[in-house]
Amino acid sequence: MKHSTSNVRAFTVRPRLVLGIETSCDETGAAVLDETGIILGESLHSQKQTHLDMGGIIPPVAQRLHKENIYRVVQEALDRSGIEPNELTAVATTVKPGLSLSLGIGLDFSLKFVRLHEKPFIPIHHMEAHALTVRMLHPVDFPFLVLLVSGGHTLLALAKGIDEFLLLGQTLDVAAGDSLDKIARRLSLRNHPECSTLSGGQAIELLGKEGDRRAFHFKTPMGQIYDCNFSFAGLQNQVTMAIKKKEKEEGVETGQLLSCVKDIAAASQHTIASHIAKRTHRAILFCKSKGLLPQHNPTLVVSGGVACNEYIRQTLKIVTDATGLHLLCPPSKLCTDNGVMIAWNGIERLKQGKGIMSHTEEVKYEPKAPLGLDITSEVNDAAIKVPPLKLRINS
């Protein structure tokens with residue numbers, strides 16, 4: 001007895017599969033996901049140690065390392081997944097925002113790949129991908145509030161859909177992660193025996209656990225400005241002045257470690273956490289006043305590299321507990337840049353048929369790309385005063 005072709009097809013239909021590729025900054029990442037969010041294979045090449053040794057991210061060096069590693073990283077992800085390129089439903093790649101030299105490598109590789117294998121291409125907004133990663137792990141419905149904190153970005157937004165965001169606030173100068181890195185560099189934490197292989201933010205967090213944050217008083221930025229924007233440059237200056245003063249008192253030259261290094265780490269981390277918490281608290285109150293969050297189980301999603309910082313997470317938990325929000329953070333390995341979040345964003349877009357391009361179309365990368373509709377002026381006009389919260393954090 002013969003099976004009808006339709007029945008044969010029904011038994012052989014496979015879930016849709018997306019290859020995600022990430023090269024927006026200093027991580028070369030690739031992953032293959034199915035439409036349920038199962039990671040079939042992934043690979044990541046981190047440039048962290050190279051840039052630590054150089055004292056910061058140097059774009060041409062990042063570009064060279066992406067170029068040297070992208071083929072291997074993508075091939076590893078495919079090999080580990082057991083998926084052949086012709087079995088993929090689409091390829092999703094970060095095209096904005098990021099370092100132009102880094103974005104260019106990922107996009108160039110991806111376009112050649114989709115043209116060779118004649119696959120649809122899904123351009124991805126890096127910040128959207130960070131915001132949506134949590135939906136791969138938890139059934140989070142729209143709308144929800146998002147705080148994205150990383151080395152390159154600090155922003156608050158309301159996620160209304162997979163490609164619909166309201167921007168509530170963003171950094172006016174440097175990002176939180178960049179600020180932590182610069183403070184760590186000024187404290188010469190690379191020369192601390194416990195911190196030689198850690199990023200600046202990781203070193204500050206580690207030493208801060210044993211420091212007394214009350215030993216130094218740094219003023220929280222923008223205390224009299226009632227919006228949800230962030231600023232970390234002024235705090236950096238405060239910390240630098242305190243370091244210079246202590247170096248003079250202790251007769252310590254730049255590059256040597258101060259005796260109070262743990263206290264400065266603890267105090268600067270606390271001030272950064274307080275600033276983030278206060279702006280997030282105001283964003284929650286603004287969204288509630290405008291009816292932008294659901295009555296049942298409103299959620300704050302925190303993602304980006306700095307979201308790995310346990311002290312900052314605990315500070316935000318105090319805010320969400322006080323305001324009745326559910327706090328969700330992806331696991332640390334999915335907070336930092338990776339191919340999984342890009343593939344998942346591709347899956348989300350594929351399911352809704354949004355932003356899918358033919359392999360023959362031209363695509364350009366965008367180093368600067370805002371997230372969603374900017375309503376920061378509305379937030380500023382609301383001028384919401386945030387009630388004080390005791391930020392008592394257990395070490």
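A residue is called buried here when its relative accessible area is under 20%, exposed when that area is over 50%, and partly exposed in between. Keep that in mind as you click through this model, which is predicted.

**Stop 1: the annotated domain**

Start by selecting residues 39-344, which the unreviewed UniProt entry lists as "domain: Gcp-like". Over this stretch the chain is 48% helix and 16% strand. Put a distance label between the C-alpha atoms at its two ends and you should read 9 Å.

**Stop 2: a five-stranded sheet**

Next, find the open sheet with the strand order β3-β2-β1-β4-β5 and mixed pairing. Color β3 (39-46) and β5 (121-125): these strands stand at the edges, and each has a single partner, so one side of each is left without a neighbour in the sheet. Look along the sheet and you can follow its twist, since neighbouring strands are turned by 20° against each other on average, ignoring direction.

Now zoom in on β1 (residues 17-22) and β2 (residues 27-34), which pair in the antiparallel sense over six bridges. As a reminder, strands of a sheet pair through backbone hydrogen bonds, either parallel or antiparallel. For a landmark in this pair, select Leu19, which stands opposite Val32 of β2.

**Stop 3: helices across the sheet**

Show helix α4 (residues 100-117) and you will see it lying across β1, β4 (90-96) and β5, at about 155° to β4. Then add α12 (residues 339-352), which lies across β1, β2, β3, β4 and β5 and runs at about 135° to β1.

Stay with α12 for a moment. How many of its 14 residues are buried? The count is 12, so the helix is mostly covered. Among the buried ones are Val340, Met341, Ile342, Trp344, Ile347 and Leu350, and also Glu348 and Arg349. A quick length check works nicely too: at 1.5 Å a residue, the 14 residues of α12 should span 20 Å, and the end C-alpha atoms are indeed 20 Å apart.

Both ends of this helix deserve a click. Asn338 caps the N-terminal end, with a side-chain oxygen 3.0 Å from the backbone nitrogen of Val340. After the helix comes Gly353, whose phi is positive, near 65°.

**Stop 4: Ser150**

Move to the loop between β6 (144-149) and β7 (154-161), where you will find Ser150. Is Ser150 buried or exposed? Its relative accessible area is 11%, so Ser150 counts as buried. A polar atom of the Ser150 side chain lies 3.3 Å from the backbone nitrogen of Gly152. To see what surrounds Ser150 beyond its neighbours within four places in sequence, select Ala175, Ala176, Gly177, Asp178, Gly304, Gly305 and Val306, which are in contact with it.

**Stop 5: backbone oddities**

Most residues other than glycine have a negative phi, and most peptide bonds are trans. The following spots depart from that pattern.

- Phe142 to Pro143: this peptide bond is cis, with omega near -5°. Pro143 sits in the loop between α5 (126-132) and β6.
- Met222: its phi is positive, near 60°. Look for Met222 in the loop between α7 (200-208) and α8 (233-250); with a relative accessible area of 14%, Met222 is buried.
- Ala383: phi is positive here too, near 45°. Ala383 lies in the segment after α13 (376-382) and is partly exposed, at 36% relative accessible area.

Conventions:
Residues are numbered from 1 along each chain as its sequence is written. This is a predicted model: local features need pLDDT of at least 70, side-chain atom pairs count only at pLDDT 80 or more; totals for chains, interfaces and linings use all residues. Side-chain values use heavy atoms; hydrogens and water are left out. UniProt positions are given in the numbering used here, feature names are shortened, and annotations may be inferred rather than shown by experiment. Helices (H or I, at least four residues) and strands (E, at least two) are DSSP runs, numbered from the N terminus. Two strands pair if DSSP finds at least two bridges between them. Axes are lines fitted to C-alpha atoms, for helices over the stretch in contact, and angles run from 0 to 180 degrees between N-to-C directions. Contact means heavy atoms within 4.5 Å. The expected span of a helix is 1.5 Å times one less than its number of residues. Buried means under 20% relative accessible area, exposed over 50%, partly exposed in between (1.4 Å probe, protein chains only). A polar contact is a pair of N or O atoms within 3.5 Å; within protein, one must be able to donate a hydrogen and the other to accept it, and residues adjacent in sequence count only if both atoms are side-chain atoms.
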